[in-house]
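Let's work through a few exercises together. Have a look at the model first, then try each task before reading its solution.

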Amino acid sequence: MKDIIYQIEFFDFWHVGSGLTGGSAADAIVNKDKEGFPYIPGKTLKGLLRDAAEQLADFNHSIVNAKFTDEIFGIKPSKDSETSGGINGKMPCFFTNAYLDQTLASTIIQKSQMADLYAIHASTAIEENGLAKKNTLRHIEVTVPIILYAKILEVPDDKITGFHACLAMVKRMGTSRTRGLGRCQLTII
């Protein structure tokens with residue numbers, strides 16, 4: 001068993017939401033830790049990587065198949081059962097939250113640059129006539145392109161190659177990823 005450390009490098013603005021609003025400033029704000037830095041929950045990362053693994057299995061990947069997915073991510077509950085989890089009593093891997101490097105975080109705090117990590121992105125729906133639809137203007141808080149780090153704990157040695165393939169499949173993350181936000185690359189360090 002090994003722990004995998006990987007980085008998530010964002011190439012443009014991104015938004016992994018908290019589900020909260022920012023009052024009059026923004027309709028949606030990003031997840032922030034207790035110090036105010038952006039982070040990505042491990043549950044979100046696990047879901048993205050599970051989706052990547054399922055896509056690879058659908059493409060008949062030589063390593064990442066249904067068995068790989070069940071062993072690493074756990075068995076999804078069936079329609080008849082609410083239970084999910086590991087195989088043969090063995091729990092799947094654990095996915096940590098992704099955080100900013102601590103050295104960089106300390107520098108940002110020392111230089112009072114926390115506000116520089118965020119911007120407000122506005123969007124609205126457009127009607128066929130080219131005019132904005134009424135009541136559709138939204139403001140979301142986005143994070144500037146940065147690198148975050150996360151771990152996957154207790155990965156069986158024979159599954160590491162499969163993780164390389166899963167990480168490579170994730171190309172976008174967060175809200176509005178189909179509209180230009182959240183381009184990223186996940187790489188094992």
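**Exercise 1: the span of a helix**

Work out whether the length of helix 1 (residues 42-58) fits its residue count. Solution: helix 1 has 17 residues, so at 1.5 Å a residue it should span 24 Å, and its end C-alpha atoms are indeed 24 Å apart, which agrees. The expected span is 1.5 Å times one less than the number of residues. Helices here are DSSP runs (H or I, at least four residues) and strands are runs of E (at least two), numbered from the N terminus.

A quick note on the model: it's predicted, with local features needing pLDDT of at least 70 and side-chain atom pairs 80 or more, while totals for chains, interfaces and linings use all residues. Residues are numbered from 1 along each chain as its sequence is written, and side-chain values use heavy atoms, leaving out hydrogens and water.

**Exercise 2: the buried side**

Find which residues of helix 1 are buried (under 20% relative accessible area, 1.4 Å probe, protein chains only). Solution: they are Gly 42, Leu 45, Leu 48, Leu 49, Arg 50, Ala 52, Ala 53 and Leu 56. Next, look at their partners: these residues pack (heavy atoms within 4.5 Å) against elements including strand 1 (2-10), helix 2 and helix 4.

**Exercise 3: a crossing**

Describe how helix 1 meets helix 4. Solution: their axes, lines fitted to C-alpha atoms over the stretch in contact, come within 8 Å and cross at roughly 105°. That makes helix 1 roughly perpendicular to helix 4 (65 to 115 degrees). Leu 49, Ala 52, Ala 53, Gln 55 and Leu 56 of helix 1 touch Ala 165, Cys 166, Leu 167 and Met 169 of helix 4.

Note on methods. Buried < 20%, exposed > 50% of the residue type's maximum accessible area, 1.4 Å probe, protein only. Axes fitted to C-alpha atoms, helices over the stretch in contact; angles between N-to-C directions. Parallel < 35°, antiparallel > 145°, perpendicular 65-115°, else oblique.
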